[in-house]
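Trainee: Could you take me slowly through one part of this model, the nonpolar surface patch and the helices around it, and explain each term as you go?

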Amino acid sequence: MPSSNQQLSVSVIIPVHNGGEIFRRCLSSIVAAVPPPHEVIVVADGDTDGSWSVAQEYYVKVLRIPVCSGPAKARNVGAQAATGDILFFVDADVTIYPDTIRQVAIAFQCEPELAALIGSYDDAPGAQNFLSQYKNLLHHYVHQTAREDASTFWGACGAIRREVFFAVGGFDNSYRRPTIEDIELGYRLKQAGYKIRLCKSLQVKHLKRWGVISLLRADFFYRALPWTELILRDRQPLNDLNLQLSSRLSVVLIFAMLGVAIGSVWWTKLLGVVVLLGGLLLILNAPVYQFFVRQRGWWFALRVIPWHWLYYFYCGLAYAIGTGRHYWRQNKRFAVSQTS
């Protein structure tokens, strides 16, 4: 590890699969950074839209994986080729700020014991449709209100010391889609005793446009379900980011409200209980909705509420399904071991 007086070099690693015009904006922001990174490594993960050739226009190092294998493997391939002291992973659909590289280098320079660092999305998402604004602003809020002693890593804007990355084995290549490969890496870092810090001033702009199908598919199948399996595997339901106590209580309230609402079909007096539970849910999440009022006004915040409650519903559903699958697999393995 370099001494505290030695300038740390930062290697930027970007996995890309059919990045399109957004990817060009990502690269433009990185090459405009002051000071520039030590190197920029683009890993074209089986792209079919010529993203690799776009990267070559910016005179960065380009590595190509012929068949799409997922961002976990792409980041690992980039890390193997990197020579910087700090590996700074950036997604192909974000832009950084001119001082982002400086922020990353200074953070590690000032904290020799710091192993990894994550940032957040800013409060000005690139896509202007409601769902994109809602989703990215909610992400911003969660990160900005979380504790700085983090328990996970984040691949969209996450930096880690090179020797630490390889000491824990990098990303898990078995994740073949953009899913929770970064969270899983963070769990291993914490289990190994390394320090991860959430730097709230380190922000990037997310350019992705979310639609109804893409949002629900990503949240349910690529995040909530595999995250449940990871929690049960490690047996550590941490009170951090999306797993804060208020979020878990909100899931309980949503399902209680739904159950009572169904019961009110036969006994109308239960409607009062539905209203009470809904009021409790609003009070519990009041800070979130106040944030949206400040950011986008009352009308926007009112439209957020049903989507936010739907989010709690499918996260709870995913946890129930994931838990059932986890114990079914355990019982199946136990039965096989008993008969062998």
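Mentor: What follows starts with the patch, moves to the helices beside it, and ends with the chain as a whole and a few single residues.

This is a predicted model, in which local features need pLDDT of at least 70 and side-chain atom pairs count only at pLDDT 80 or more, while totals for chains, interfaces and linings use all residues. Residues are numbered from 1 along each chain as its sequence is written, and side-chain values use heavy atoms, with hydrogens and water left out.

The nonpolar surface patch covers about 820 Å² and is made by Phe255, Leu258, Ile262, Val265, Trp266, Trp267, Leu317 and Ile321. A patch is built from residues with over 30% relative accessible area and no salt bridge, where like charges are joined within 9 Å and nonpolar side chains (Val, Leu, Ile, Met, Phe, Trp, Tyr) within 5 Å. Accessible areas come from the Shrake-Rupley method with a 1.4 Å probe, and for residues only the protein chains shown count as cover; a salt bridge is a side-chain nitrogen of Lys or Arg within 4 Å of a carboxyl oxygen of Asp or Glu.

Two elements give two or more residues to this patch, namely helix H9 (245-263) and helix H12 (298-339), and H9 gives the most, with three residues. Helices (H or I, at least four residues) and strands (E, at least two) are DSSP runs, numbered from the N terminus. Trp267, another member of the patch, sits in the loop between H9 and helix H10 (271-284).

H9 itself has 19 residues and reaches 27 Å from its first C-alpha to its last, close to the 27 Å expected at 1.5 Å a residue, the expected span being 1.5 Å times one less than the number of residues. While H9 gives residues to the patch, it also has buried residues, which are Ser247, Ser250, Val251, Leu253, Ile254, Met257 and Val260. Buried means under 20% relative accessible area, exposed over 50%, and partly exposed in between, with a 1.4 Å probe and protein chains only.

After the loop that holds Trp267 comes H10, with 14 residues and a reach of 20 Å between its first and last C-alpha, close to the 20 Å expected at 1.5 Å a residue. The buried residues of H10 are Val274, Leu277, Gly278 and Leu281. Seen down the axis of H10, these buried residues fall within an arc of 100°, so they line one face of the helix; the arc is that of the directions from the helix axis to the C-beta atoms. The face of H10 turned away from that buried side carries the exposed residues Val275, Leu276 and Ile283.

These helices belong to a chain whose secondary structure comes to 12 helices and eight strands. The radius of gyration of the chain is 21 Å, close to the 20 Å that the globule rule gives for 340 residues, so the chain is as compact as a globular protein of that length. That radius is taken over C-alpha atoms, and the globule rule is 2.2 Å times the number of residues to the power 0.38. Buried residues make up 53% of the 340 residues.

Some backbone details complete the view. Most residues other than glycine have a negative phi, and most peptide bonds are trans. Tyr59, however, has a positive phi near 55°, and at 77% relative accessibility Tyr59 counts as exposed. The peptide bond from Val34 to Pro35 is cis, with omega near -5°.
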